[in-house]
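I opened this model to look up a few local features. My notes follow in the order I took them.

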Amino acid sequence: MQQEKETHLTPIGYLLWFFGGLFGYHRFYYGRQLTGLLWMFTLGVFFIGWVVDAFLIPRMNQDANNQFKSGDTDYSVAWVLMLFLGVFGAHRFYMGKIGTGILYLLTFGLLGFGVLYDPVSYTHLTLPTNRE
């Protein structure tokens with residue numbers, strides 16, 4: 001039996017934890033929207049949760065790999081595009097969502113609001129693309 005390709009990568013999780021962990025980016029990446037929002041509004045639950053997450057990332061990665069299906073859209077590539085080129089809609093173009101990609105390109109990520117919304121919803125936006 002062929003082993004399924006990993007959908008999420010531990011090094012990407014640690015990069016998101018280090019650079020955006022106080023805002024819950026690593027939790028959003030692993031599909032944990034509610035705790036990601038909690039981290040975002042409490043700065044990683046007052047920094048303590050951020051430190052604890054350094055030890056929990058391998059388990060979150062394993063859970064995400066079991067929960068999400070691999071496909072044409074790579075979650076890690078999509079996340080990196082969203083973080084660095086999100087205001088230009090690069091992540092939307094990558095997923096094949098040309099209409100919203102053009103909209104993001106012309107409005108700088110819907111004037112920044114779309115770029116704030118996407119980390120919360122992005123893992124679940126990628127899921128239907130991989131089911132096709």
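**Entry 1: the end of α3**

I started just after α3 in this predicted model. There phenylalanine 47 takes a positive phi of about 75 degrees. Phenylalanine 47 is not a glycine, so I noted the value with some care. Most residues other than glycine have a negative phi. I placed phenylalanine 47 in the loop between α3 and α4. Is its side buried or exposed, or in between? At 45% relative accessibility, phenylalanine 47 counts as partly exposed, because the buried class stops under 20% and the exposed class begins over 50%.

I then stepped back to valine 45. This residue also carries a positive phi, about 45 degrees, although it is not a glycine. Valine 45 sits in helix α3, which covers residues 33–46. Its relative accessible area is 28%, so I entered valine 45 as partly exposed.

**Entry 2: the helix itself**

Where does α3 bend? I found the bend at methionine 40, and the angle is about 85 degrees. Next I listed the buried residues of α3. They are Gln33, Gly36, Trp39, Thr42 and Gly44.

**Entry 3: the largest pocket**

I turned to open space. The largest pocket has a volume of about 200 Å³. Two elements, α1 (10–20) and α5, each give two or more residues to its lining. Which element gives the largest share? I found that α1 does, with 5 residues.

I wrote out the lining residues in full. They are Ile12, Leu15, Leu16, Phe19, Gly20, Tyr25, Trp79, Val80, Leu83 and Phe84. By class, I get 9 nonpolar, 1 polar and no charged residues in this lining. Gly20 belongs to the lining, and glycine is counted as polar here, so Gly20 is the polar entry.

**Entry 4: the largest cavity**

Now the closed space. How many cavities of 30 Å³ or more are there? I count 1. The largest cavity has a volume of about 40 Å³. Lys5, Glu6, Thr7, Ser70, Gly71, Thr73, Asp74 and Tyr75 line the largest cavity. I sorted that lining into 1 nonpolar, 4 polar and 3 charged residues. The pocket lining, by contrast, held no charged residue.

**Entry 5: aspartate 74 and glycine 71**

I picked two of the cavity-lining residues for a closer look: Gly71 and Asp74. Aspartate 74 lies in the loop between α4 (48–67) and α5 (75–85). Its relative accessibility is 17%, so aspartate 74 counts as buried. What does aspartate 74 touch, leaving out residues up to four places away in sequence? I found Lys5 and Tyr94. With lysine 5 there is also a polar contact between the side chains, at 3.4 Å.

Glycine 71 is in the loop between α4 and α5 as well. At 33% relative accessibility I entered glycine 71 as partly exposed. I also checked glycine 71 against lysine 5. The two are 66 residues apart along the chain, and their C-alpha atoms are separated by 8.7 Å. Lysine 5 thus turns up in three of my checks: in the cavity lining, in the polar contact with aspartate 74 and in this C-alpha distance.

**Entry 6: serine 76**

I moved on into α5, where serine 76 lies. Serine 76 counts as buried, because its relative accessibility is 4%. I listed its contacts, leaving aside neighbours within four places in sequence. Serine 76 is in contact with Thr7, His8, Leu9, Ile12 and Tyr29. Two names recur from earlier entries. Thr7 is among the residues lining the largest cavity, and Ile12 is among those lining the largest pocket.

**Entry 7: glycine 89**

My last stop was glycine 89, in the loop between α5 and α6 (90–94). Buried or exposed? Glycine 89 is buried, with a relative accessible area of 0%. Beyond its neighbours within four places in sequence, glycine 89 is in contact with Gly101 and Tyr104. I also took the distance to glycine 99. Glycine 89 and glycine 99 are 10 residues apart in sequence and 9.8 Å apart in space, C-alpha to C-alpha.

Note on methods. Residues are numbered from 1 along each chain as its sequence is written. This is a predicted model: local features need pLDDT of at least 70, side-chain atom pairs count only at pLDDT 80 or more; totals for chains, interfaces and linings use all residues. Side-chain values use heavy atoms; hydrogens and water are left out. Helices (H or I, at least four residues) and strands (E, at least two) are DSSP runs, numbered from the N terminus. Buried means under 20% relative accessible area, exposed over 50%, partly exposed in between (1.4 Å probe, protein chains only). A polar contact is a pair of N or O atoms within 3.5 Å; within protein, one must be able to donate a hydrogen and the other to accept it, and residues adjacent in sequence count only if both atoms are side-chain atoms. Contact means heavy atoms within 4.5 Å. On a 1 Å grid over the protein atoms alone, a cavity is a set of points where a 1.4 Å probe fits but cannot get out, and a pocket is an open set with protein on both sides within 12 Å along at least five of seven lines; lining residues have an atom within 4 Å of a point. Grid points are joined across faces, edges and corners, and a volume is the space filled by probe spheres set on the points. The bend at a residue is the angle between axes fitted to the seven residues ending there and the seven starting there.
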